[in-house]
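Welcome! Here is a friendly walk through the empty spaces and the packing of one protein chain. Please keep the viewer open as you read.

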Amino acid sequence: MIDATHRNTALLVAGCFFMEMLDGTIVTTAAPQIGRSLGAPPAAIGLVVTAYLLTLAVLIPLSGWLTRRLGNRVIFLTAIALFTLASIGCAASVSLGMLVGMRVLQGAGGAMMVPVGRTMVISRAAKEDLLRVTSYVVWPGLLAPVIAPLAGGLITTYASWHWMFLINVPLGVIAFCAAWRLVTDGPDSAASGAPPPLDWAGVVLTCLGLGGLTYGAHLVALPAPPALLTAVLLTGSVALLTAAALHLRRTAFPLLNLRTLGVPTFRVTQAGVIAYWLVCGAVPFLLPLMFQTQFGWSPVKSGAVTAFVFAGNVAIKPATTPLINRFGFRAVLLAATAGTTVAVAVLGFTSAATPIAVIAGLALISGVTRSVGFTVYSTVGLADMPPELMRDANTLAATSTQLAGGLAIAVATVALRIGGAFGAGLTAYTVAFCLLALIAAGTAAEALRMDRTAGDAARRQPTPAPATATRD
């Protein structure tokens with residue numbers, strides 16, 4: 001059973017996850033206002049988003065080693081304080097350089113805050129409670145990319161861009177006070193005895209590779225990306241990550257423990273969740289663009305319809321755990337990924353003439369399926385993980401998830417460019433959504449590789465009724 005402290009800690013981590021994800025994308029809608037305020041061109045404001053995402057990608061792999069060195073409590077409290085103070089610094093920025101610097105500090109806080117929090121929650125959970133506590137942590141983070149465009153638009157319309165950062169301050173103070181009371185350094189917080197030495201080669205190869213790939217994705221998303229620089233950066237980053245993978249498999253104390261991929265369920269879900277994140281991160285970016293540029297809708301109307309994705313996330317949550325307990329992880333994941341495939345593809349064929357109720361219904365369905373899919377992905381891979389590898393698996397999962405989130409906008413941009421060059425009577429958005437649907441179909445095919453009994457340790461399966469005695 002989950003006690004009150006464990007449940008409250010899970011909810012605290014969920015709130016921190018929401019803040020981290022929201023700050024990753026909310027700035028986009030305020031780019032013109034920030035540019036005018038700081039005397040910078042709107043295109044340059046993309047650095048504000050990229051600096052944050054790049055810092056997350058680079059520093060998340062270090063979170064596991066830091067908690068072994070200093071313990072959960074110190075790292076988690078420091079992360080919340082750093083994130084909150086950096087938010088104040090963002091709001092107080094008087095130049096683009098200062099704002100980018102504060103975003104780097106904010107990303108450093110987020111890189112420690114959520115992975116450490118997830119480890120605290122998951123490592124304390126019994127296998128049969130893993131699904132429930134994971135559900136607490138995951139779903140608020142799924143809401144952030146959906147509501148960020150609408151929230152950013154409302155803040156910039158009725159207040160100023162500074163409030164996109166200042167809203168973190170009361171939330172951060174509340175989170176810090178709650179963490180001070182709830183978070184302790186239990187036996188799982190730090191390794192017994194001296195922590196392993198830091199894998200410096202792993203740090204250089206992994207962090208440079210992840211950082212380069214994230215920045216390369218930013219360049220791809222620009223209206224006119226520098227072709228040579230982008231190609232060199234992406235190629236070099238892939239080479240660095242390949243070298244990192246070879247190194248991490250050989251060294252005794254790797255920064256990221258790739259031996260966790262030896263657990264078949266975890267290996268399959270890591271491959272699937274990266275592709276699934278690309279799709280689910282791209283759709284909330286493309287939908288408002290399509291509604292405004294192709295349908296001619298106002299920002300408020302497009303944001304309101306996109307919010308049906310948010311409604312689907314929330315509506316399905318009470319049923320997710322019972323569904324998984326009843327049908328199993330594999331069956332539910334297949335249904336979720338197949339549902340996402342269909343919903344995304346059909347959205348691409350909608351137009352301004354399509355009844356708004358149909359479009360809202362498709363957005364709702366996509367929200368339902370993405371919520372269920374991410375709950376499965378976040379749970380089943382860890383359900384079969386040995387306890388001694390749980391921290392390492394969580395750090396690797398957080399790294400791959402963050403990388404996929406950082407690449408999602410670039411994938412959406414590339415899909416839209418391909419659609420624009422396609423022709424054949426199809427709109428650019430139709431082609432883009434169909435390409436995303438193909439990626440989602442790949443995740444469904446990947447889910448087929450999963451064992452039918454995967455994650456059964458985390459399910460509360462119905463107890464069979466006792467046999468009724470019969471008389472001869």
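## Pockets, cavities and packing

H15 is the main contributor to the lining of the second largest pocket, giving five residues. The model is a predicted one, which is worth keeping in mind throughout. The volume of this second largest pocket is about 430 Å³. Its lining has 18 residues, and those nearest the centre are Leu258, Ile274, Leu396, Ser400 and Leu403. Besides H15, helix H9 (200–221), helix H10 (227–250) and H11 each bring at least two residues to the lining of the second largest pocket. Sorted by class, this lining holds 13 nonpolar, four polar and one charged residues.

Leu258 deserves a stop of its own. Leu258 sits in the loop between H10 and H11. Is Leu258 buried or exposed? With a relative accessibility of 11%, Leu258 counts as buried, because the cut-off for buried is under 20%. Not counting residues up to four places away in sequence, Leu258 touches Ala245, Leu248, Arg249 and Leu396. Leu396 is also among the residues nearest the centre of the second largest pocket. For a sense of scale, Leu258 and Ala10 are 248 residues apart along the chain, and their C-alpha atoms are separated by 26 Å.

### The enclosed spaces

How many cavities of 30 Å³ or more are there? The count comes to two, and the table sets them side by side.

| Cavity | Volume | Helices that each supply at least two lining residues | Lining by class |
|---|---|---|---|
| Largest cavity | about 70 Å³ | H11 (264–294), H13 (329–347), H14 (356–383) | six nonpolar, two polar, one charged |
| Second largest cavity | about 40 Å³ | H3 (46–70), H5 (96–124), H15 (390–420) | two nonpolar, seven polar, one charged |

Around the largest cavity stand Val279, Cys280, Val283, Pro284, Val309, Thr340, Val344, Ser366 and Arg370. H11 provides the largest share of this lining, four residues. For the second largest cavity, the lining consists of Ser63, Gly64, Thr67, Asn72, Pro115, Val116, Thr119, Arg391, Asn394 and Thr395.

### Leu436 and Thr430 in H16

Which residues does Leu436 contact, leaving aside its neighbours within four places in sequence? They are Val279, Ala282, Val283, Leu286, Val344 and Val411. Val279, Val283 and Val344 also belong to the lining of the largest cavity, so if you have that cavity on screen, Leu436 is a natural next click. Leu436 is in helix H16 and is buried, at 0% relative accessibility. Between Leu436 and Asn168, which are 268 residues apart in sequence, the C-alpha to C-alpha distance is 33 Å.

Thr430 is also placed in helix H16, which spans residues 428–447. Its relative accessibility is 7%, so Thr430 counts as buried. The side chain of Thr430 makes a polar contact of 2.8 Å with the side chain of Thr427. With neighbours within four places in sequence left aside, Thr430 is in contact with Gly348 and Phe349.

### Gln106 in H5

H5 came up above as a supplier to the lining of the second largest cavity, and Gln106 is located in this helix. Gln106 has a relative accessible area of 0% and is therefore buried. Its side chain is joined to that of Ser87 by a polar contact of 2.9 Å. Apart from neighbours within four places in sequence, Gln106 is in contact with Asp23, Tyr52, Phe83, Ala86, Ser87, Cys90, Phe165 and Asn168. Asn168 is the residue whose C-alpha atom lies 33 Å from that of Leu436.

### The nonpolar cores

In soluble globular proteins, nonpolar side chains tend to be buried together. Here, the largest nonpolar core has 108 residues, and Ile34 and Phe76 touch the most other members. Ile34 touches Val27, Ile45, Leu99, Trp161 and Met164, with residues up to four places away in sequence not counted. There is also a second, separate core of 25 residues, including Ala282, Leu287, Ile359 and Ala440. Ala282 has appeared already, as one of the contacts of Leu436.

Conventions:
Residues are numbered from 1 along each chain as its sequence is written. This is a predicted model: local features need pLDDT of at least 70, side-chain atom pairs count only at pLDDT 80 or more; totals for chains, interfaces and linings use all residues. Side-chain values use heavy atoms; hydrogens and water are left out. On a 1 Å grid over the protein atoms alone, a cavity is a set of points where a 1.4 Å probe fits but cannot get out, and a pocket is an open set with protein on both sides within 12 Å along at least five of seven lines; lining residues have an atom within 4 Å of a point. Grid points are joined across faces, edges and corners, and a volume is the space filled by probe spheres set on the points. Ala, Val, Leu, Ile, Met, Phe, Trp, Tyr, Cys and Pro count as nonpolar, Asp, Glu, Lys and Arg as charged, and the others, Gly among them, as polar. Buried means under 20% relative accessible area, exposed over 50%, partly exposed in between (1.4 Å probe, protein chains only). A polar contact is a pair of N or O atoms within 3.5 Å; within protein, one must be able to donate a hydrogen and the other to accept it, and residues adjacent in sequence count only if both atoms are side-chain atoms. Contact means heavy atoms within 4.5 Å. A nonpolar core is a set of buried Ala, Val, Leu, Ile, Met, Phe, Trp, Tyr and Cys residues joined through side-chain atoms within 4.5 Å.
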